[in-house]
Amino acid sequence: MGVDVFLSHSHVDKVFADAICHRLEAADIRCWVAPRDIRPGDDWAESIIDAMDQAKMLVLIFSASANNSPQVRREVERAVNKGLMVLPFRIENVPLSKSLEYFISTQHWLDAITGDLEQHLDELCHCVAMLLERLPQVAAASVPASAPAPAAAAIAPDALAAIERALAQELGPIASHLVRRAMLAAPSRHQLVAALAQEIDNAAERQRFLARCHAAG
């Protein structure tokens, strides 16, 4: 069975992980969380990688403990390298460590530092469901073998690589995932660049990305 959400957390924050898992699964969003989903006798690291291979996104329960956890840092790094969307859910107001900042500083945050936790969990559930709906649906089994390749495949490999490099300069390793996703709907180089520019929230960074793409031809 597939996994919608990989929950990354410090063992200190298990009570939050359990609450989030319960809320998401009540909304039919399938979660993977340690140690619940690691079977006795299974290799811990292998189980985590297998779960990430199935997951569609990672929800990071961010706290001081998570910020200082080597295990959490490795999970976030592997998730980004695998092209998973990362959604931080902040339960403590602490500055990002440099290693985590590299991967998630440009991501949208959800804050649950103050106020009613139930409302924050509802907001998280709504946000996760919305983001999952935006992901491209895998329907390879229903596509005829003779189906034409997407028009975006006509973009020259060197041009595509240049676009990805330009995006990576602004967003980091997640760029490869965003390019692959955008190619499914972008029929031309111009439309691909325009779609990717919308992934950059900062206006100055967006302009730099567009300038690099135009310079590359």
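**Exercise 1. Overall content**

What percentage of the 217 residues of the chain count as buried? Work from the predicted model, and add the secondary structure and the contact range.

*Solution.*
- Start with burial: 42% of the 217 residues count as buried.
- Next, take the elements. The chain holds ten helices and five strands.
- Finally, take the contacts with a separation of 6 or more. Residues 24 or more positions apart account for 68% of them.

**Exercise 2. The sheet**

Work out the strand order of the open sheet, and find its edge strands.

*Solution.*
- The order of the five strands is β2-β1-β3-β4-β5, and the pairing is parallel.
- The edges are β2 (31-32) and β5 (110-111), each of which pairs on one side only.
- Now go pair by pair. β1 (residues 5-8) runs parallel to β2 and is joined to it by two bridges. Here Val5 stands opposite Cys31.
- β1 also pairs with β3, in the parallel sense, over four bridges. Leu7 has Val59 of β3 as its bridge partner.
- β3 and β4 are parallel too, with six bridges. Phe62 stands opposite Arg90 in β4.
- Last, place the helix. α1 (residues 14-26) lies across β1, β2, β3 (57-62) and β4 (85-90). Its angle to β1 is about 165 degrees.

**Exercise 3. The two sides of β3**

Which residues of β3 point one way, and which the other way? State how many are buried.

*Solution.*
- Recall the rule: side chains in a regular strand alternate between the two faces of the sheet.
- Apply it to β3. Met57, Val59 and Ile61 point one way. Leu58, Leu60 and Phe62 point the other way.
- Check burial on both sides. Six of the six residues of β3 are buried.

**Exercise 4. A helix pair**

Describe how α2 packs against α4, from geometry to residue types.

*Solution.*
- Geometry first. α2 (residues 44-54) and α4 (residues 70-81) pack at about 35 degrees, and their axes are 11 Å apart.
- The crossing of α2 with α4 is right-handed.
- Then list the residues. α2 brings Trp44, Ile48, Ile49 and Met52. These meet Gln71, Glu75, Arg78 and Ala79 of α4.
- Sort them by type: five are nonpolar, one is polar and two are charged.

**Exercise 5. The nonpolar cores**

How many residues does the largest nonpolar core have, and which have the most contacts inside it?

*Solution.*
- The largest nonpolar core has 41 residues. Those with the most contacts inside it are Phe6, Trp32, Leu58, Val76, Leu167, Leu196 and Phe209.
- Trace the suppliers. Elements that each give at least two residues include α2, β3, α4, α8 (175-183) and α10 (203-215). α7 (157-171) gives the most, with five.
- Now zoom in on Trp32. Beyond its neighbours within four places in sequence, its contacts include Val3, Val5, Phe6, Leu7, Ile48 and Ala51.
- A second, separate core has 26 residues, among them Ile20, Cys21, Leu110 and Cys127.

**Exercise 6. Ala64**

Why does Ala64 count as partly exposed? Locate it and give its contacts.

*Solution.*
- Ala64 is in helix α3 (residues 64-67).
- Compare its value with the limits: buried is under 20%, exposed is over 50%. Ala64 has 26% relative accessibility, so it counts as partly exposed.
- Leaving aside neighbours within four places in sequence, Ala64 is in contact with Glu92 and Val94.
- One distance completes the picture. Ala64 and Ser97 are 33 residues apart along the chain, and their C-alpha atoms are separated by 9.5 Å.

Terms used. Residues are numbered from 1 along each chain as its sequence is written. This is a predicted model: local features need pLDDT of at least 70, side-chain atom pairs count only at pLDDT 80 or more; totals for chains, interfaces and linings use all residues. Side-chain values use heavy atoms; hydrogens and water are left out. Two strands pair if DSSP finds at least two bridges between them. Contact means heavy atoms within 4.5 Å. Axes are lines fitted to C-alpha atoms, for helices over the stretch in contact, and angles run from 0 to 180 degrees between N-to-C directions. A crossing is left-handed if the near helix is turned anticlockwise from the far one by less than a right angle, and right-handed if clockwise. Ala, Val, Leu, Ile, Met, Phe, Trp, Tyr, Cys and Pro count as nonpolar, Asp, Glu, Lys and Arg as charged, and the others, Gly among them, as polar. A nonpolar core is a set of buried Ala, Val, Leu, Ile, Met, Phe, Trp, Tyr and Cys residues joined through side-chain atoms within 4.5 Å. Buried means under 20% relative accessible area, exposed over 50%, partly exposed in between (1.4 Å probe, protein chains only).
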